[in-house]
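Colleague: I am new to this structure and would like a close look at a single part of it, explained slowly and with its surroundings. Here is the model I have open.

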Amino acid sequence: MERLNQTSGVSEFILLGLSSRPEDQKPLFTLFLIMYLVTVTGNLLIILAINSDPQLHTPMYFFLSFLSFIDICFSTTIVPRMLVNFLSEKKTISYAGCLTQMYFTYALGNTDSYLLAAMAYDRYVAICDPFHYITIMSRRPCVLLVAFSCSLPHLHSLLHILLLNQLTFCNSNVVHHLFCDINPLLKLSCSSIFVNDLTIKTEGLVFWVTPFLCIVFSYVRILITVLRIPSAAGKRKAFSTCGSHFTVVILFYGSIFYVYLQPLSSYNVRDRVATIVYTVLSSMLNPFIYSLRNKDMKRGLGKLLGRRKS
């Protein structure tokens with residue numbers, strides 16, 4: 001810890017959050033507490049419903065259960081610290097705590113991204129190659145896809161944390177953001193950020209865009225296949241199996257690209273609001289999106305809740 005302080009020039013950061021006005025703090029605390037409780041409860045219900053219903057023991061719901069678990073962890077990495085800051089006057093986080101939060105935020109956020117790509121691949125195989133679906137999406141490939149999705153993002157996150165740890169922060173320790181994120185922290189550095197910026201624009205861009213391109217490729221192939229289906233009912237059925245996933249992808253990637261695919265100098269308060277979409281709002285809405293538009297998921301939740309009542 002002592003070495004970290006000497007390297008950075010600061011021992012702690014101040015997270016300004018969404019608003020610095022005292023009258024806003026309690027309403028924001030209430031809002032984000034409700035969102036966090038809904039996120040944890042909703043995703044936990046999804047996991048329990050999938051595990052308790054044998055009819056939901058399929059690759060698609062296997063990936064969804066892991067996505068729900070990661071969403072709980074992702075939200076927990078960010079929101080509890082925000083809640084503490086809403087009720088605190090200092091709003092500080094230690095240097096080591098800041099890097100730790102950023103490490104898990106990036107690792108879990110990117111795990112979400114790769115799991116969404118794995119789910120898109122599952123839908124691609126189910127619609128474009130249904131006769132080989134059982135063989136291609138057997139348990140072993142599914143486990144490998146989840147293992148890959150959960151492990152690779154940690155290496156990516158570690159790289160950016162190690163590079164950030166080489167910087168010196170001596171001008172200010174006030175972070176104009178909700179949590180420790182790389183762009184606001186780079187703006188505070190008084191040493192050269194050339195290597196960090198180059199890494200974000202090369203390795204970071206490739207790492208973020210690759211799963212998105214896999215999703216786009218899968219949906220282009222799915223669209224081509226669905227358009228060849230002669231009956232309207234068949235087309236509706238095919239599209240209905242992808243609708244929930246596609247909605248989540250748009251919500252998640254739309255906000256991420258808005259925040260990160262722009263110059264560092266233009267980072268402002270609108271980016272803080274956009275960050276809430278992919279860190280908090282997306283994790284909260286996922287259970288609703290997947291359950292409200294999915295008959296199997298509705299049935300599984302109905303069985304689970306009926307069992308709890310009885």
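Which residues form a disulfide, and how many Å apart are their sulfur atoms? Please start there and then work outwards through the helix that carries one end of the link.

Modeller: Before anything else, please keep in mind that this is a predicted model, and that what follows describes that model. The disulfide is formed by Cys-98 and Cys-180, whose sulfur atoms lie 2.0 Å apart, and the count of disulfides comes to one. The angle about the S-S bond is -125 degrees, and the link of Cys-98 and Cys-180 is left-handed. Cys-98 sits in helix 4, whereas Cys-180 belongs to the loop that runs between strand 3 (174-175) and helix 7 (182-188), so the bond ties together parts that are 82 residues apart in sequence.

From Cys-98 we can follow helix 4, which covers residues 95-128, to its contact with another helix. The axes of helix 4 and helix 6 (residues 139-164) come within 8 Å and cross at roughly 145 degrees, and the crossing of this pair is right-handed. If you colour the residues of that contact by class, you will find 19 nonpolar and six polar ones, with no charged residue.

Helix 4 also takes part in enclosing space, for the structure holds two cavities of 30 Å³ or more. The largest cavity has a volume of about 130 Å³, and among the 13 residues that line it, those closest to its centre are Tyr-106, Gly-109, Asn-110, Tyr-260 and Tyr-278. Helix 4 and helix 9 are the elements that give two or more residues to this lining, and helix 4 has the largest share, with five residues. Taken by class, the lining of the largest cavity has eight nonpolar, four polar and one charged residues.

Helix 4 appears again at the largest pocket, in which about 310 Å³ of space lies. Of the 14 residues that line this pocket, Met-60, Tyr-61, Ser-240, Thr-241 and Asn-294 are the closest to its centre. At least two residues of the lining come from each of helix 3, helix 4, helix 9 (232-260) and helix 11 (295-309), while helix 9 gives the most, with five residues. The lining of the pocket divides into four nonpolar, five polar and five charged residues.

Since helix 3 is among the elements of that lining, it is worth following helix 3 to its own partner. The axes of helix 2 (residues 22-52) and helix 3 (residues 59-86) come within 9 Å and cross at roughly 160 degrees, and the two helices are therefore roughly antiparallel to each other. The crossing of helix 2 and helix 3 is left-handed, and the residues of their contact comprise 19 nonpolar, eight polar and one charged.

These two helices lead us to the second largest cavity, which holds about 80 Å³ of space. Its lining includes Leu-15, Leu-16, Gly-17, Leu-18 and Ser-19, together with Gln-25, Leu-28, Met-82, Asn-85 and Phe-86, and Lys-91 and Leu-178 belong to it as well. Helix 2 and helix 3 are the elements that give two or more residues to the lining of this cavity, with the largest share, three residues, coming from helix 3. By class, the lining of the second largest cavity divides into seven nonpolar, four polar and one charged.

To return to where you asked me to begin, the link joins Cys-98 to Cys-180, and helix 4, where Cys-98 lies, can be followed from there to its crossing with helix 6, to the lining of the largest cavity and to that of the largest pocket.

Technical notes:
Residues numbered from 1 in each chain as written. Predicted model: local features only at pLDDT ≥ 70, side-chain atom pairs only at ≥ 80, totals over all residues. Heavy atoms only, no water. Axes fitted to C-alpha atoms, helices over the stretch in contact; angles between N-to-C directions. Helix = DSSP H or I, 4+ residues; strand = E, 2+ residues; numbered from the N terminus. Parallel < 35°, antiparallel > 145°, perpendicular 65-115°, else oblique. Left-handed = near helix turned anticlockwise from the far one by under 90°. Nonpolar A, V, L, I, M, F, W, Y, C, P; charged D, E, K, R; others polar. 1 Å grid on protein atoms, 1.4 Å probe; cavity = no way out; pocket = protein on both sides within 12 Å on 5 of 7 lines; lining within 4 Å. Points joined across faces, edges and corners; volume = space filled by probe spheres on them. Disulfide = S-S within 2.5 Å.
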